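Let's walk through this structure together, starting with one helix and working outwards. Keep the 3D view open as you read.

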Amino acid sequence: MKHIPRKRFGQHFLTDRAIIDDIVQAIAPRPGQAMVEIGPGLAALTQPLAERLGHLTVIELDRDLAQQLRAHPQLTVVEADVLRVDFRQLARQMQTDASSRGGAATEAAGGEAGKLRVVGNLPYNISTPILFHLLDAVEVIEDQHFMLQKEVIDRMVARPATSDYGRLSVMLQWRYAMENVLFVPPQSFDPPPRVDSAVVRMVPRAAPEKVDVQLLSEVVRVAFSQRRKLLRHSLGQWLEQRPHSPPFNVQRRAEEVPVTEYVALAQALESGPGA
């Protein structure tokens with residue numbers, strides 16, 4: 001039975017074989033690696049990944065699709081909303097399951113022990129919440145390859161002093177090295193979305209600056225709340241209300257401040273006076 005894409009799940013199924021091959025090549029899966037696919041859909045990407053890995057874990061919310069996927073002998077199906085999945089727990093469970101199957105060790109497969117490779121064609125309507133959900137579990141993730149709306153990826157990889165640079169840029173670039181690896185036109189999907197798509201590679205930084213993530217997020221949120229005005233109208237007033245705020249040049253717009261300065265400000269606020 002043909003599956004009818006469901007709008008409430010933001011379903012657009014990838015059908016272009018050449019694009020699928022390009023994505024698999026970019027991911028470069030190796031036998032025995034611990035990989036999770038978010039939103040496998042009709043298994044267009046799932047099948048070539050499973051063939052190369054030997055076993056693949058997939059997260060699918062659509063009950064009908066999850067039932068079909070369970071018939072695949074190389075898949076473990078997690079039927080759940082990805083925003084409710086505990087990826088730390090999933091990493092532990094996958095490591096246990098791999099050991100029970102007698103599979104090759106992750107290190108032997110060219111990966112990091114206990115860490116996940118995460119891939120997927122993310123639903124565009126909740127792509128940003130998914131990215132921040134995964135940020136909370138970045139310690140157990142080796143890398144991520146996602147199909148997203150091209151506009152979102154442009155924001156993710158944007159440089160300072162550009163119109164695309166914003167909260168998403170700062171929060172993700174602090175923790176990941178990222179690159180746009182592939183353009184995907186609308187006609188590659190069924191049904192075609194009304195926007196261009198792309199594939200992004202996200203590799204967690206080996207030694208990121210230590211910072212209170214919630215505090216950094218608040219600093220960046222306040223800074224970009226009035227991005228067309230100088231920071232003295234937003235972040236400047238916010239800093240004035242905090243005791244012992246460090247010196248910070250607020251005669252700039254939020255988009256002019258590089259990631260490193262936002263991180264340094266959050267660190268200084270966390271440390272307090274005398275740091």
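**A helix and what it leans on**

Start with α4, where Phe87, Leu90, Ala91 and Met94 are buried. Keep in mind as you look that this is a predicted model. Seen down the axis of α4, those buried residues fall within an arc of 100°, so they line one face of the helix. The spacing of such residues has a simple background: an α-helix has 3.6 residues a turn, so residues three or four places apart point the same way. Now turn α4 around: the face directed away from its buried side carries the exposed residues Ser99 and Ser100.

How far does α4 reach from end to end? The helix runs over residues 87-101, and its 15 residues should span 21 Å at 1.5 Å a residue; the end C-alpha atoms are 20 Å apart, which agrees.

What do the buried residues of α4 pack against? Their partners are the strands β2, β3 (56-59), β4 (75-78) and β5 (116-121), along with helix α5 (127-135). A good place to see this is Val36, which sits in strand β2. With a relative accessible area of 0%, Val36 is buried. Leaving aside neighbours within four places in sequence, Val36 is in contact with Phe87, Leu90 and Met94, among others. The list also takes in Leu56, Thr57 and Ile59, as well as Leu116, Arg117, Val118 and Val119. Val36 and Phe87 are 51 residues apart along the chain, yet their C-alpha atoms are separated by 9.6 Å.

**The cores**

Phe87 turns up again when you look at the nonpolar interior. The largest nonpolar core has 61 residues, and Phe87 is one of those that touch the most other members, together with Ile38, Phe146, Met156, Leu235 and Tyr262. Take Met156 as an example: not counting residues up to four places away in sequence, it touches Leu131, Leu148, Leu168, Ser169, Leu172, Gln173, Met178, Val200 and Met202. There is also a second, separate core of 26 residues, which includes Ile23, Ala50, Leu182 and Val199.

**Over to α10**

Tyr262, another of the well-connected core residues, takes us to helix α10. This helix covers residues 259-271, and its 13 residues reach 18 Å from the first C-alpha to the last, close to the 18 Å expected at 1.5 Å a residue. Which residues of α10 are buried? They are Val259, Tyr262, Val263, Leu265, Ala266 and Leu269. They cover an arc of only 160° around the axis, which puts them on the same side of α10. What covers them includes α7 (167-175), α8 (213-223) and α9 (235-240). Just after the helix comes Gly272, with a positive phi near 80°.

Zoom in on α7 and α10. They pack at an angle of about 80°, with their axes 9 Å apart. That makes α7 roughly perpendicular to α10. Val170, Gln173 and Trp174 of α7 make the contact with Val259, Tyr262 and Val263 of α10.

Tyr165 belongs in this picture too. You'll find Tyr165 in the loop between α6 (150-156) and α7. Is Tyr165 buried or exposed? It is buried, at 0% relative accessible area. Apart from neighbours within four places in sequence, the contacts of Tyr165 include Val170, Val257, Pro258, Val259 and Tyr262. The C-alpha atoms of Tyr165 and Val257 are separated by 9.7 Å, although the two residues are 92 residues apart along the chain.

**Some backbone details**

A few spots in the loops deserve a look. Most residues other than glycine have a negative phi, and most peptide bonds are trans. Ala43, in the loop between β2 (35-38) and α2 (46-53), has a positive phi near 70°. Ala43 counts as buried at 18% relative accessibility, as the cut-off is under 20%. His244 also has a positive phi, of about 60°, and it lies in the loop between α9 and α10. With a relative accessible area of 58%, His244 is exposed.

Where is the cis peptide bond? It joins Asp190 and Pro191, with omega at about -5°. Pro191 has its place in the loop between β8 (189-190) and β9 (197-204).

Conventions:
Residues numbered from 1 in each chain as written. Predicted model: local features only at pLDDT ≥ 70, side-chain atom pairs only at ≥ 80, totals over all residues. Heavy atoms only, no water. Core = buried A, V, L, I, M, F, W, Y, C linked by side-chain atoms within 4.5 Å. Buried < 20%, exposed > 50% of the residue type's maximum accessible area, 1.4 Å probe, protein only. Contact = heavy atoms within 4.5 Å. Helix = DSSP H or I, 4+ residues; strand = E, 2+ residues; numbered from the N terminus. Expected span 1.5 Å × (residues − 1). Arc of directions from axis to C-beta. Axes fitted to C-alpha atoms, helices over the stretch in contact; angles between N-to-C directions. Parallel < 35°, antiparallel > 145°, perpendicular 65-115°, else oblique.
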